[in-house]
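I opened this entry to look up how the chains touch one another and how well covered some of the helices are. The structure comes below, and my notes follow it.

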Amino acid sequence: MTLSILLVVSAALFCIGLLAALSRRHAIYILIGIELMLAAANLNFVAFWRFSSQPQQPTGVMVAIFSIAIAAAEAAVGLALVIAIYRHYRTTNVDKLNQLKG
Amino acid sequence: MSIVAFVLISILTLAGALAAATLPKLIHAALSLVVTFLGVAAFFFLLGAEFVGLVQVFVYVGAVAVLIVFTILLTRREATAADKFNWRGAVVAIAVFAGLVWAILKTTSLSIAAPQIPALTVKRIGEVLMTDFVWPLQCVGLLLTAALIGALILVMEEKRQ
Amino acid sequence: MSSWIVTNVWLIPAVPLVASLIILSLANSRRKAAAGLAVFGQAIALTMSILAFLLTLQSPGFRAFHNFTWFTFGEQALRIGWVLDPLAAAMLMMITLVGLCIFVFSIGYMAADKDFSRFFAYLSFFSAAMLGVVIANSLLLLFVCWELVGLASYLLIGFWIDRPSAAAAAKKAFITTRIGDIGFFLGILWLYHSSGTLLFYDGGKGCLENGGLLLLGASATFVALLIFCGAVGKSGQFPLHVWLPDAMEGPTPVSALIHAATMVAAGVFLVARVYPLFSFGAIDGVTPSLTVVVSIGVITALMASLIALAQFDIKRILAYSTVSQLGLMMVSLGVGGVAAGIMHLIAHGFFKALLFLGAGSVIHSTHHEQDIRKMGGLRWVMPVTFLTYAIGMMNLSGVPFFFAGGWTKEEILHATGHWKLSHLPHYLMLAGVVLTALYMTRQMFYVFFGNKRAASEHAHESPRVMTMPLIVLAVCSIVLSMVLTPAWPWLHSYLSGKQPHFDVALLIQPMLFVSLVLVAAGIGVGCLIYRHAREVDPLAQAQPALFRTLENKFWLDELYDRTVVALARAAARWSDWMDRNVWDGLVRWFGGLGQSFGILTANFDERGINAGVDETTAGTRGLGRVISAWHSGQVQTYLATVAIGMLVLLILYAWLT
């Protein structure tokens, strides 16, 4: 197993997350996509730590831990946003949420 | 590390992710997401970062996925309706994947085998957390507080006049 | 001493000029100062004239001159100067003395006028200009002063500026004399072209001396005739006499000074001054130019006397009388009696001024009534005026013995009798003597004799300031007769540069008897006809058609109006049409050009530039619209854009490293 393979896998995971964020109309799908992308990034970090020359510096791992924490916070806020939007606009279709246009 | 485990876990993870992205019903997508997260946790275990894997399970599966399910519940009216698949997004995603893969494969310095490392103990993680990473820790604490408050405010009932 | 006087003889005109300028700068209310300055200036001029006159008595035929360069242009220099000889000195004395009397008279006559100070300023200015004419040694300087005299005359004739008739008369005077002056100026130009100098006396090179005259040759006649045009205008000879009677619109002192004594005399003086030009190449004293002078003088003298017989304005009678006498003087000059003519000029200056001032006194006392039909019986009311007027009338009629006018007229008749070309002028002038006596007697009877008519009711004698000058002038004319008698022809000799000798025998001459008879006949006939002067003139009753012709001045004014004036008016109308349509049209066309250019630019601006700018802004707006379409508000679009951007950067990075 080489690092490249691992990176390809995480890239695939990332792109699937991107797919989810770009191709569905429901707001929650975007959040799902974001979570997937974050997970892929975490995987990248840990992979690099694993294959690094200095394993006693667990930098990659620490970043992954922090990333997880932040992802959680972000998910909470994002979901709160979806609920608030749903309450106001009675829709979760992002195509209809287009007031931020030029 | 065995190749077999690696392949199996990758397939699991990617399949789950695909399902989460493409299933028409939202609740099915949410549950597939749980599977994906578990697969990622298995990856962490495989890479020797057991602590992260466990944290992944606790936080992601335990908290985030549950949150998502709750939100689906709370925004039910349209959740049952299936929505169309937008193929433009697929094109962009595939393009990005192609680019990334090309970049990775081009970089020959990444084709290295896994070295032997000593096991990463929780003690060690704790040590690093309190010394090298103490300030990020405080920041994350602040951030979590802010997120908590923000989420609360966002979903608070508006005051009736 | 003598050279000092000659070099500084220019002071004589300068003093009245300075007085005039000072008066002009004073306020209108400083009347005493104005009159005082004018009289004082004239008195100083008189004193200096006496000095100059005494100087000329040194030797017979005295002539001193002083020339200097005025300015140089290129290689030629324009020289002017002044001359002092018997002719100039006699004129100086006459002008300053008569002028002084008239100035003093004006103090009384113009006392009630509101423009008192301005009057004296103009009078002084006129005096200065006239004195300048007299002492000029250069034809150019003479011409300059000549024009100034014309200007002063214009200002004084039209002195009462709120009277349209006065303004019209002033304009007529100026324009008529101007026509004469054109000829004068052409003569000057020809003279300068031929002889290269305009100085009269220049030590042999002057244009009146042999040197200059020889350069002229045959053109002397034409030059003389052209110069004579100026004299015709200024002295009111036929055909340019029409302005003089109208000039009576001015105040009476003006008529006395300018149109009796001095300005009109300038024409005669001019002919006398440039006499060598006239007499150049004379055969028995006859040249073509002199013959022309005689002819015009004769026509003028007779015509004016006839017209005077039918006029009713007291001043107009005297005006025509002046014209007639000037004609007589021209005749005298023409036949060769230069000294006689000048003598008559000087004597005429005194007694005509006397007559005009007397008329002024009458007008003043009858409260500005000028029609003689409304006067009468004034000899009891105004004895001094009557006596002095009578003395003047005797002078004018030509009564010899005690009256200067008589002697001088004698001299003239003597000269005409000896003219080689023809005796016609002589006989015609004899007729003129009769006519003169006739119309003067007529005037005397109408004004002073008979019953008092309308205006004489409240008449009274004039104040002393007005009667004193009358007396002075009357005395002068009698005293002058002493030096004019053939027994002691002092003035004649003085003027002609000969030694006078006293000989009583010369007193008795055949001419004397002839003139005595004629004058007596004239006065007698006049008494007969006009003894019972009434409102209607006896001559008008007898010959109404003839009288009407004479009264209307032979219809000459009307003729001029139909021809010359009509021509001028037509020319003016044509000029106006040209100005309005052609020149103005040209200007308007240019304006139109500018305007069309402006329209072109405006259109270009509107359609071209504006449209271009509008197109550009529309394009920019369109572009903006296109670009703003990218901001669709769709979150997923934004996200996709980010993803693609990231991809591009990644590829770029991977490629470059």
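I looked first at chains B and C, where 8 residues of chain B are in contact with 8 residues of chain C, contact being counted when two C-beta atoms, placed from the backbone, lie within 7 Å. On that side, chain B presents 5 nonpolar residues, 2 polar and 1 charged, where Ala, Val, Leu, Ile, Met, Phe, Trp, Tyr, Cys and Pro count as nonpolar, Asp, Glu, Lys and Arg as charged, and the others, Gly among them, as polar.

I note that this is a predicted model, in which local features need pLDDT of at least 70 and side-chain atom pairs count only at pLDDT 80 or more, while totals for chains, interfaces and linings use all residues. Residues are numbered from 1 along each chain as its sequence is written, and chains are lettered from A and ligands numbered from 1 in the order in which they are written.

I then turned to chains A and B, and found 58 residues of chain A in contact with 71 residues of chain B. Helix 1 (3-23), helix 2 (27-50) and helix 3 (59-89) of chain A each supply at least two residues of the side that touches chain B, helices being DSSP runs of H or I with at least four residues, numbered from the N terminus. Helix 3 of chain A gives the most, with 20 residues, and the chain A side divides into 46 nonpolar, 8 polar and 4 charged residues.

For helix 2 of chain A, I recorded that 20 of its 24 residues are buried, that is, with 20 or more other C-beta atoms within 10 Å of their own C-beta atom, placed from the backbone.

Terms used: A residue is buried if 20 or more other C-beta atoms lie within 10 Å of its own, exposed if 12 or fewer, and partly exposed in between; C-beta atoms are placed from the backbone.
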